[in-house]
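User: I'm new to this structure and would like a close look at one part of it. Could you walk me through the place where the metal ions and the bound ligand sit?

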Amino acid sequence: AKEAGRDQFVCYDPQLRTRHLAQARMVDRLREALDEDQFSVFYQPVVDLQTGRWVGVEALARWESFSPDQFIPAAEDSGLIVALGTWVLRQACRDAAAWHRDHGTRVAVNVSVHQLREANFTVVVESALADSGLPPSALTLEITESVLLGTGMPRAITHLAELRRAGVRVAIDDFGTGFSSLAYLQELPIDTIKIDRAFVPCAQPGDARQFALVRTIVQLARGFRLGTVVEGIETSWQSRVLRLLGCQLGQGYYYSKPIPAAAMTAELAPQSAP
Ligand code: C2E
Ligand code: CA
Ligand code: CA
Ligand code: CA
């Protein structure tokens with residue numbers, strides 16, 4: 001009787017119930033928002049730490065006042081991320097085609113594991129490129145470590161290898177925050193690692209360990225001939241330190257928050273083609 005009582009308690013946990021309901025409502029609203037074109041794409045510059053030049057952008061989904069940390073997980077759980085991710089990819093390629101033509105700007109797009117599991121993923125990417133006129137070599141797909149370790153791994157690797165042969169680049173996002181081993185670096189079809197902002201040093205004198213971590217990741221990347229992008233640079237001190245530690249490219253509020261496409265066009269205008 002005690003056991004049954006406990007089960008019942010779990011079943012009707014009011015907080016859990018509220019969360020399920022909130023999630024279900026979020027999914028309904030997401031579906032509606034997709035039908036009604038309520039999403040937009042913002043862009044954050046990727047900056048050459050040596051020159052300060054904006055060499056690329058990362059596309060980030062936006063929906064009303066919700067944070068991506070709220071609606072992306074709901075979209076992942078419900079499978080809507082496949083449609084949303086395709087929409088973001090196509091929009092980003094369209095926006096970036098002009099930036100690439102005029103300024104040589106590259107574009108990075110986040111890709112969910114659910115998209116990579118779809119049989120037609122390479123076709124989706126190739127048609128986004130063909131329809132926008134963006135050259136494949138100007139596109140980077142950002143994936144997290146978990147993508148390559150889950151059950152969908154063989155198919156994901158096949159897709160990525162095929163796209164890389166066409167010139168598309170692949171980056172590992174949030175590098176160092178997952179549970180994976182480093183062994184996968186030898187096997188995976190990747191070009192760049194994005195160093196998570198958890199590794200960006202904060203200005204506290206005397207902590208040599210935080211520098212050692214970044215330096216080690218940079219050396220690791222060099223050893224595998226991979227590029228590096230550091231995320232979450234918020235101060236000039238951090239940008240200087242990270243440059244001295246050997247990081248090539250960086251992103252963060254110090255340079256710019258993510259901004260709408262029109263604002264990005266205006267920001268890039270003074271930069272001529274390389
Ligand atoms: P992410 O891919 O790691 O993107 C970087 C996040 O860090 C962005 O958050 C960006 O606004 C934020 N950020 C940039 N610079 C700084 C900084 O200096 N300090 C701090 N504290 N944060 C900074 P955002 O736009 O809220 O996106 C959160 C996450 O949602 C992304 O993390 C990504 O995992 C996911 N996401 C966003 N758009 C998409 C999408 O189109 N598809 C997929 N699958 N995921 C997306
Ligand atoms: Ca990313
Ligand atoms: Ca990241
Ligand atoms: Ca992240």
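Analyst: Here is a walk through that site, taking the metal ions one by one and then the ligand beside them. Keep in mind that this is a predicted model.

Let's start with the calcium ion called ligand 2. Its protein donors are Glu58 (OE), Asn110 (OD1), Glu142 (OE) and Asp173 (OD), at 2.2 to 2.3 Å. If you trace those donors along the chain, they follow the spacing E-x51-N-x31-E-x30-D. Asn110 belongs to strand β3 (residues 106–110) and Asp173 to strand β5, so this pair ties together parts that are 63 residues apart in sequence. How exposed or buried are these two? Asn110 is partly exposed, with a relative accessible area of 30%. Asp173, on the other hand, counts as buried because its relative accessibility is 8%, and the cut-off for buried is under 20%.

Next comes the calcium ion called ligand 3. Asp173 (OD), Asp174 (OD) and Glu231, which is listed twice (OE and OE), coordinate that ion at 2.2 to 2.5 Å. The donor residues are spaced D-D-x56-E in sequence. Here too, distant parts of the chain get linked: Asp173 is in strand β5, while Glu231 is in the loop between β7 and α10, 58 residues apart. Asp173 and Glu231 are both buried. You've now met Asp173 twice, and that's no slip: Asp173 coordinates both ligand 2 and ligand 3, and these two calcium ions are 4.0 Å apart.

The calcium ion called ligand 4 has a shorter list. Its protein donors are both OD atoms of Asp174, lying 3.1 Å from the ion. Asp174 is shared as well, since it coordinates both ligand 4 and ligand 3, two calcium ions that are 3.8 Å apart. As for where Asp174 sits, look in strand β5 (residues 169–175).

Now for ligand 1. Which residues are closest to ligand 1? They are Gln44, Arg62, Asp173, Glu234 and Tyr253, out of 22 residues that surround ligand 1. Asp173, the calcium-coordinating residue from before, is thus part of this group too. Several elements build the shell: β2 (54–63), α3 (68–78), α4 (81–103) and β5 each supply at least two residues. β2 gives the most, with four residues.

A few polar contacts are worth finding on screen. In the side chain of Glu234, an N or O atom is 2.5 Å from a nitrogen atom of ligand 1. A polar backbone atom of Ala61 is 3.1 Å from a nitrogen atom of ligand 1. Asp174 turns up again here, with a polar side-chain atom 3.3 Å from an oxygen atom of ligand 1. How much of ligand 1 does the protein cover? On its own, ligand 1 has 810 Å² of accessible area, and the protein covers 85% of that. Ligand 1 sits in the largest pocket.

To sum up, Asp173 coordinates ligands 2 and 3, and Asp174 coordinates ligands 3 and 4. Asp173 is also among the residues closest to ligand 1, while Asp174 has a side-chain contact with an oxygen atom of ligand 1.

Key. Residues numbered from 1 in each chain as written. Chains lettered and ligands numbered in written order. Predicted model: local features only at pLDDT ≥ 70, side-chain atom pairs only at ≥ 80, totals over all residues. Heavy atoms only, no water. Donors = N, O, S within 2.8 Å, 3.2 Å for Na, K, Ca; no water. Buried < 20%, exposed > 50% of the residue type's maximum accessible area, 1.4 Å probe, protein only. Near = heavy atom within 4 Å. Polar contact = N/O pair within 3.5 Å; in protein donor to acceptor, adjacent residues only side chain to side chain. Areas by Shrake-Rupley, 256 points an atom, 1.4 Å probe, with all protein chains shown as cover. 1 Å grid on protein atoms, 1.4 Å probe; cavity = no way out; pocket = protein on both sides within 12 Å on 5 of 7 lines; lining within 4 Å. Sits in = over half its atoms within 2 Å of the grid points.
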